[in-house]
Every structure is written in C-alpha cells, then in structure tokens.
Amino acid sequence: MRNWGVWFGGVMLWALFGFMMVMISRNPANGWGGLLLVAAFFVGICHLVTLATMFSYVKVTPSALLVVNPGLSTVIPWSRVQQVDAEHGLVVRVRDADDVHCYAFQPSLVGRLVGYPGAHRAVEKIESYANARTAAEDHLERAVAWKRHLLFLVGGWSLFALLVPSLVRVL
C-alpha cells in the first residue's frame, strides 16, 4: 500500500527538476564543466526526492507485515503486532519493541485537516488481511536496502543527469 498523494508529489518534483536541467542545458553560455556540476547537484536532489516519495510502502503477507521506510525495512510477524493505529499517520505498535512509524503515511497538516483517509484505508486493509495469518518466527527483522539505493543512485539518476544535457546539446 502506497500513499499516492506523496507519490504524485514526487513525480511532479522530478518533472520540475528535469525541466530545470533542460533549461540550464539549452543555455549556450554554460560549459560542460558547469553542466556536470549541475547534473551532480540534480542527481543528489532527485535521489532524495525518490527516497522520500517512492521507496516507502506497507505490504501485508500471511505471515508478517512489511514496513518499508526510506532507510530501513522492517518485517513484523503477526504475533508481534499489537495494534495498527492511524490517528497521526500510520503507526504499528509492536509487542516488546519500539513502535514502527510508516513513512508512506506520515503525519502532515493536510492529513490532520482531512483525518488521514489514506492511513485509515491502509489500517482497514491490514486488519482484513490479519485474519489470514499463519505461524511465523517471532522476531523483528530490520534491514537497510543499500543495493536498491546504490543501483538507483548510480544507475538511474547519474545516467539521467548525464544524458539530459548531452541530448539537449546534440539535438
């Protein structure tokens, strides 16, 4: 489950940064050194926007609840899930451990005004799937998905940041 409002905001920021890169690349006064510096800046900014908007979600499986935040993935077995709360964003209360906050459904001013409808829908889906749970190991698993971040940063954004100025200058 993803919060599509946040996802849409990320896509709009990508479009804005892409437009800015094209405009900077079209200026003949900018040399290749300046373009590479701007490209490196946009790689970092676009990767941070991607982390904040695209890499966060909640997944329900028969054996566990998976909460993927920008820097950390947490697998919570159903036997450890105490409560799923949507009063101030989506929070999973875990027995004998710290609460797990879901970045995809984080608290916000707009959410406070409209009552967090996305988080409440996610709670309803999680509770409907909770009935189909099976026995699982009784420990939390947390991992940092560094391979995904490295591949996206180096393979995706770096290639994008180098191709845009090159294509604009050639065409």
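**Exercise 1. Arg169 and its surroundings**

Task: Classify Arg169 by its relative accessibility, then place Arg169 in the fold and list its contacts beyond the neighbours within four places in sequence.

Solution.
Step 1. The relative accessibility of Arg169 in this predicted model is 29%. Buried requires a value under 20% and exposed a value over 50%, so Arg169 counts as partly exposed.
Step 2. Arg169 lies in helix α5, which comprises residues 146-170.
Step 3. With the neighbours within four places set aside, Arg169 is in contact with Ser25, Asn27, Pro28, Asn30, Trp32 and Leu35.
Step 4. One of these partners, Pro28, is 141 residues away from Arg169 along the chain, yet the two C-alpha atoms are separated by 8.6 Å.

**Exercise 2. The overall fold**

Task: Give the numbers of helices and strands in the protein, their order, and the share of contacts that comes from residues 24 or more positions apart.

Solution.
Step 1. Five helices and seven strands make up the secondary structure.
Step 2. Read from the N terminus, the order of elements is α-α-β-β-β-β-β-β-α-α-β-α.
Step 3. Among contacts with a separation of 6 or more, 64% join residues that are 24 or more positions apart.
Step 4. The chain has 171 residues, 35% of which count as buried. Its accessible surface amounts to about 10,100 Å², and carbon and sulfur atoms account for 66% of that area.

**Exercise 3. The two sides of helix α4**

Task: Compare the expected span of helix α4 with the distance between its end C-alpha atoms, and determine how its buried residues are arranged around the axis.

Solution.
Step 1. Helix α4 covers residues 117-130, which is 14 residues. The expected span is 1.5 Å times one less than the number of residues, so α4 should extend over 20 Å. The end C-alpha atoms are 20 Å apart, in agreement with that expectation.
Step 2. The buried residues of α4 are Gly118, Ala119, Ala122, Val123, Ile126 and Ala130. They occupy an arc of only 140° around the axis, and therefore lie on the same side of α4.
Step 3. Arg121 and Glu124, on the other side of α4, are exposed.
Step 4. The buried residues of α4 pack against three strands: β1 (57-60), β2 (64-68) and β4 (81-85).
Step 5. Ala130 illustrates the buried class: its relative accessible area is 11%. The C-alpha atom of Ala130 is 8.7 Å from that of Thr61, although 69 residues separate the two along the chain.
Step 6. Thr61 can also be related to Pro77, a residue of strand β3 (residues 73-77). Pro77 is buried, at 4% relative accessible area. Between Pro77 and Thr61 there are 9.4 Å from C-alpha to C-alpha and 16 residues in sequence.

**Exercise 4. The salt bridges**

Task: Determine how many salt bridges the structure holds, which residues they link, and how accessible each participant is.

Solution.
Step 1. Side chains of opposite charge can pair when their charged atoms come close. The structure holds two salt bridges.
Step 2. One joins Arg93 to Asp85, with an N to O distance of 3.1 Å. Another joins Arg93 to Asp99, where the closest N and O atoms are 2.6 Å apart. Both distances satisfy the cut-off, which is within 4 Å.
Step 3. Asp85, Arg93 and Asp99 are thus linked in a network of salt bridges.
Step 4. The accessibility classes are as follows. Asp85 is buried, at 16% relative accessible area. Arg93 is partly exposed, at 25%. Asp99 is partly exposed, at 32%.

**Exercise 5. Backbone and surface**

Task: Examine phi of Asp96, and identify the residues of the nonpolar surface patch that includes Leu16.

Solution.
Step 1. Most residues other than glycine have a negative phi. In Asp96, phi is near 55°, a positive value in a residue that is not glycine.
Step 2. Asp96 belongs to the loop between β5 (91-94) and β6 (100-101). Its relative accessibility is 80%, so Asp96 counts as exposed.
Step 3. The nonpolar patch consists of Leu13, Leu16, Phe19, Met20 and Met23, which together have about 440 Å² of accessible area.
Step 4. Within this patch, Leu16 is located in helix α1 (residues 4-26). With 41% relative accessibility, Leu16 counts as partly exposed.

Notes
Residues are numbered from 1 along each chain as its sequence is written. This is a predicted model: local features need pLDDT of at least 70, side-chain atom pairs count only at pLDDT 80 or more; totals for chains, interfaces and linings use all residues. Side-chain values use heavy atoms; hydrogens and water are left out. Helices (H or I, at least four residues) and strands (E, at least two) are DSSP runs, numbered from the N terminus. Buried means under 20% relative accessible area, exposed over 50%, partly exposed in between (1.4 Å probe, protein chains only). The arc is that of the directions from the helix axis to the C-beta atoms. Contact means heavy atoms within 4.5 Å. Patches are made of residues with over 30% relative accessible area and no salt bridge: like charges are joined within 9 Å, nonpolar side chains (Val, Leu, Ile, Met, Phe, Trp, Tyr) within 5 Å. Accessible areas come from the Shrake-Rupley method with a 1.4 Å probe; for residues, only the protein chains shown count as cover. A salt bridge is a side-chain nitrogen of Lys or Arg within 4 Å of a carboxyl oxygen of Asp or Glu.
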